[in-house]
Amino acid sequence: MLKNIQLPLQAVLLKFEGWFDNPFGPEWNPLRHLGALSFFFFWVVAVSGVYVYIFFETSVSGAFQSVESLTHDQPYIGGIMRSFHRYASDAMVVTTFIHLAREFVMDRYRGVRWFTWFTGVPIIWLLYASGIGGYWLVWDELAQYLMIASAEWLDWLSIFGEPLANNFLTPEAFKDRMFSLLLFLHIAIPLFLLIACFIHVVKISRPRINPPKGLAIGTLIMLTVLSLVKPAVSHGPANLDKVVVNVELDWFYAIAYPLFDMWGAGALWLIALTLSIFIACLPWMPKLTFQEAAEVDNLNCNGCSRCYADCPFGAVTMQPRTDGRPYPRIAQVDPDICTSCGICVGSCPTATPFRSQEMLITGIDLPHFRLTKLRADTDASLDRLPDVLPEGAPRIIIYGCDHGIDVDKIESANVVVTSLPCIGMLPPSFIDYILMKEKADGVLLTGCREGDCYHRFGIHWTEQRLSGERDPYLRKRVPKERVWTCWGAVTDNAKLKQQIDDFSTHLKNLPTSQEAAE
Amino acid sequence: MKRILNILGQGLAYLAFALVIGYFSSQPTYHPFEAGQALVKLSISHAGQRKQACTERAVDHQRNIPTTARKLMDCPRERHPVTIKLMIDGKAVFDATSKPSGLSNDGRSLFYHRFPVKSGTHEIKVQLFEAEISQGAHYKFAQNIELKAGDIAVVGFNPTAKAIFFK
Ligand code: HEM
Ligand code: SF4
Ligand code: SF4
């Protein structure tokens, strides 16, 4: 049921996202930095907010005029800062909601990720409270409309004693003291928003909270141009003796207000609360269960802490050793937050196929997919390859992962496939092992799209291991020209086919090992 | 060449984003209120009468209480709900009873309502009942008022003057 919703949406999203890969490149693709972009917009709003605050007058009579003079009397900077403040806030709504939708569609919100998703829900409330609270401060007609409607909406709860809306009945009723409270709220709520954002990512190891530089610069240029072309301006001054008839609503923040006018406060509370609870409960509808958590083998773990460094979910901790072996520490897995991705296995120095035992006992291993099985699967795949191929077509072994390009039907006379939970589980020594045996001429590693690994760091670590930047790295004796990668989503089959063809041609033109020796 | 195309492509993406933000941050214009109309706001917070009058306490009831805490009168705090009726141009537009606020029903009854009306002269009549309707209205108000388009008029209660007012 859930998959029936997610998969078609995923296809659309991946298609759309693919278009962005061309001009931006996979590293800058904005759709893969939505959380970081939201953070970035927050900082832009914060900095421009401080500037606007310096010139703001906290009084019912002075606020409007102070914002007007900021907009019109300051050569550029004031007007731009005000526009930055508004447009970055709007952009934050957009990136936040696409971020939320993307995590849902890509099924990255259940299981160990529930906490991150769950803590996203209060963020939405705080985001709205921050934005709407900002519009009140301008004290123009839009502020008047939003203020009174907000007060009436809150009054429906009848928890404030005297209705809040009474503060805005007449010009005399609205006191400076109330205005100071509004300003205080507009500083306090965004601060809570920031705290909530940090809580949101606290359980993510190495969260990407800053967008790549190129994306940040591009975004700032965009905001500047928009601010110059269409500066943020006020409506006419508020007048509590008069009804507001026309408002140029900021639909990103004020979308609920027309609904309030149509359906009333009760209905809107019902919608807002039901929707929030529904979204908050999604990680359990249904719950995502992973395979058994990774296991540490005391006798084989030497406490090198590579698995601790590589686990993308912070499930590994290093503990003091009590078994008397001559290493100070030992790895320990928290089964509640382990996704059984196997990335830790790929990082463990003991995980090598070269050992002769039938059972490969590693420092850390996946109970449902042991390294022994990976070696057996690899051997079986190699056995399916003929010793010599007609016309000298190169023999290729492909490693596929459970979440990336679909490698299922790709096998042919000279191409065999082995799958594993995440490409990050593959210790580079396996590549050495295969090419040493001379049963295959090339190894092709596949996984999710670049920068978008389902298990977060599988691709990144693999790239670094191949290039020798990260332990365990691919040994120097391995001919690198016989190892290719192809990163892509489930829908990127055509790309894989093309890559296989290109790889074959490339391999065919390489000298064989005997030729190389001569 | 490819670099230029990439920059163009990125520019296009930023342009689309900026257009969406720039447009929906102020458009389409919304009309929360029909032009040519005026608004009457009824906002009254008023305490109903006590349900029971105070009674003198029996002397034996006081015996166990320290002298400083003794009260001679027993005043149950619960109040009557308040009812307000509003007629505009002879038509009853509002007739509601509101419970006293507060956990022990001893606070004020709260009313806050909006009534859009056509601009022009209107006859406004208000009746406020502090207790049961059968006792009759405790406060009454009637006045012809002229409202221009967009005007907001407030029907309220002035506790010092003890009267319903119109502003
Ligand atoms: C201002 C609003 C938000 C900001 C700044 C923000 C920021 C972030 C950041 C920086 C990450 C880490 C990304 C990574 O390193 O891969 C993240 C992950 C995540 N966010 Fe948000 N977020 C926001 C709102 C939300 C909302 C409203 C939801 C959903 C209700 C949500 C759901 C998630 C989930 C499920 C993840 C986990 C992704 C993963 O583990 O791969 N976020 N967010
Ligand atoms: S990588 Fe292997 S040897 Fe190193 S700490 Fe982890 S389990 Fe132990
Ligand atoms: S299987 Fe994945 S999530 Fe579990 S401990 Fe290993 S690296 Fe961490």
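**Exercise 1.** In this predicted model, find how many salt bridges cross the interface of chain A and chain B, and examine the one that joins E162(A) to a residue of chain B.

*Solution.* Begin with the total for the interface of chain A and chain B, where the rule finds 5 salt bridges. Next, turn to E162(A), whose side chain meets that of R108(B) with a distance of 2.9 Å from N to O. This pair counts as a salt bridge because its distance is within the cut-off of 4 Å. Then widen the view to polar contacts, of which the rule finds 19 residue pairs across the interface, both residues being at pLDDT 80 or more. Finally, ask which helix gives the largest share of the side of chain A that touches chain B: α9(A) does, with 6 residues.

**Exercise 2.** Describe the extent of the contact between chain A and chain B, and its make-up on the side of chain A.

*Solution.* Count the residues: 47 of chain A are in contact with 35 of chain B. The area buried between the two chains is about 3600 Å², and carbon and sulfur atoms give 62% of this area. L169(A), V243(A) and W251(A) supply 16% of what chain A buries against chain B, more than any other three residues.

**Exercise 3.** Identify the protein donors of the iron atom of ligand 1, and explain why the arrangement around this atom is octahedral.

*Solution.* The protein donors are NE2 of H99(A) and NE2 of H200(A), lying 2.0 Å from the iron atom. H99(A) belongs to helix α4 and H200(A) to helix α8 of chain A, 101 residues apart. Because the 6 donor atoms subtend angles of 85 to 179°, the arrangement is octahedral. For comparison, ideal angles for six octahedral donors are 90 or 180 degrees.

Technical notes:
Residues are numbered from 1 along each chain as its sequence is written. Chains are lettered from A and ligands numbered from 1 in the order in which they are written. This is a predicted model: local features need pLDDT of at least 70, side-chain atom pairs count only at pLDDT 80 or more; totals for chains, interfaces and linings use all residues. Side-chain values use heavy atoms; hydrogens and water are left out. Contact means heavy atoms within 4.5 Å. Buried area is the accessible area (1.4 Å probe) that two parts lose on being put together, summed over both. A polar contact is a pair of N or O atoms within 3.5 Å; within protein, one must be able to donate a hydrogen and the other to accept it, and residues adjacent in sequence count only if both atoms are side-chain atoms. Helices (H or I, at least four residues) and strands (E, at least two) are DSSP runs, numbered from the N terminus. Ala, Val, Leu, Ile, Met, Phe, Trp, Tyr, Cys and Pro count as nonpolar, Asp, Glu, Lys and Arg as charged, and the others, Gly among them, as polar. Donors are N, O and S atoms within 2.8 Å of the metal (3.2 Å for Na, K and Ca); water is not among the atoms, so sites may look incomplete. Four donors count as tetrahedral if all angles lie between 85 and 135 degrees; four count as square planar and six as octahedral if opposite donors are over 155 degrees apart and all others between 65 and 115; anything else is irregular.
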